[in-house]
Amino acid sequence: DMLEGPWLPDPARPGQVRRAWLYAFLDDHSRKLLHGRFSFKGDLPALELVFRRALQKCGVPRRVYYDNGAVYRSAHMRVIVAEIGTEGIAFTKVRRPMGHGKIEALNRLMTSAFIAEAQKASTITTLDALNEAFVAWMDLVYNDTVHGETHDKPHARWLAGKVNLKLVDEERLRKAFLWRETRKPDKAGVL
């Protein structure tokens, strides 16, 4: 899912601020936060980068569950999911967000526990510093704290289910994320 992050100084426009956006991937069974990253744009390349890092760190999921945003429904995301060997993509039903509750609960927690603190900390002024702080919070706090619903630490629960983990070859992963476009030449042979 994508979450509104804190305002940071805009490196391209001195004296201006810009909203950071967070994409994050959550494992449904363990509630482990697989990977997350802030960027200044909530676009497809930002989503792809987070998805790729989650795959590299935690392997191929059996299925991917997304919101209904255009960035999630892109043809390129469908190609990536097919190339890596995932069974498919499931989308939140329109006007029925109940299935989206786990990531929304995580979003509320990240807003109150991480983003609120990051906004108070005057030392975080760059996207890199924000991402570094987020990864530390994700690994040392969230994934290592007993979850209220599962009664296990997310990382420990994820490790217990790791027997079914399917890692992806780095070359296959690289090829899966290549952009593709089908084109037809006109009568003059120009694409």
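Rings of Phe, Tyr and Trp (its six-membered ring) pair if their centres lie within 6.5 Å; planes under 30 degrees apart count as stacked, over 60 as edge-to-face and the rest as tilted.

**View 1. Ring pairs form a cluster in this predicted model.** Tyr23, Phe25, Phe51, Tyr66, Tyr72, Phe91 and Phe177 are linked into the cluster by ring pairs. The structure holds 12 aromatic pairs. This is a predicted model: local features need pLDDT of at least 70, side-chain atom pairs count only at pLDDT 80 or more, and totals for chains, interfaces and linings use all residues. Residues are numbered from 1 along each chain as its sequence is written, and side-chain values use heavy atoms, with hydrogens and water left out.

**View 2. Helices and strands make up the protein chain.** The chain has six helices and five strands. Both are DSSP runs, numbered from the N terminus: helices are H or I with at least four residues, strands are E with at least two. From the N terminus on, the order of elements is β-β-β-α-β-α-β-α-α-α-α. The C-alpha atoms fill a box of roughly 60 × 50 × 35 Å, taken along the principal axes.

**View 3. Three strands form an open sheet.** The strand order is 1-2-3, with antiparallel pairing. Strand 1 (2-9) and strand 3 (33-39) stand at the edges with a single partner strand each, so one side of each has no neighbour in the sheet. Neighbouring strands are turned by 25° against each other on average, direction ignored. Two strands count as paired if DSSP finds at least two bridges between them.

**View 4. Strand 2 pairs with strand 1 and with strand 3.** Strand 1 and strand 2 pair over six bridges, in the antiparallel sense. Here Trp7 stands opposite Arg19 in strand 2. Strand 2 (residues 17-26) and strand 3 also pair in the antiparallel sense, over six bridges. Tyr23 stands opposite Arg37 in strand 3, and Trp21 stands opposite Ser39 in strand 3. Six residues lie between strand 2 and strand 3 in their hairpin. Arg31 in the turn has a positive phi of about 70°.

**View 5. Helix 3 and helix 4 pack on the sheet.** Helix 3 (residues 101-120) touches strand 1, strand 2 and strand 3. Its direction makes about 15° with that of strand 1. Helix 4 (residues 127-140) touches strand 1, strand 2 and strand 3. The direction of helix 4 makes about 165° with that of strand 3. Contact means heavy atoms within 4.5 Å. Axes are lines fitted to C-alpha atoms, for helices over the stretch in contact, and angles run from 0 to 180 degrees between N-to-C directions.

**View 6. Charges sit over rings at Trp158 and Phe91.** The charged end of Lys32 is 4.1 Å from the centre of the Trp158 ring. Arg73 lies over the face of Phe91, at 3.8 Å from the ring centre. A charge sits over a ring if NZ of Lys or CZ of Arg is within 6 Å of the ring centre and within 35 degrees of the ring normal.
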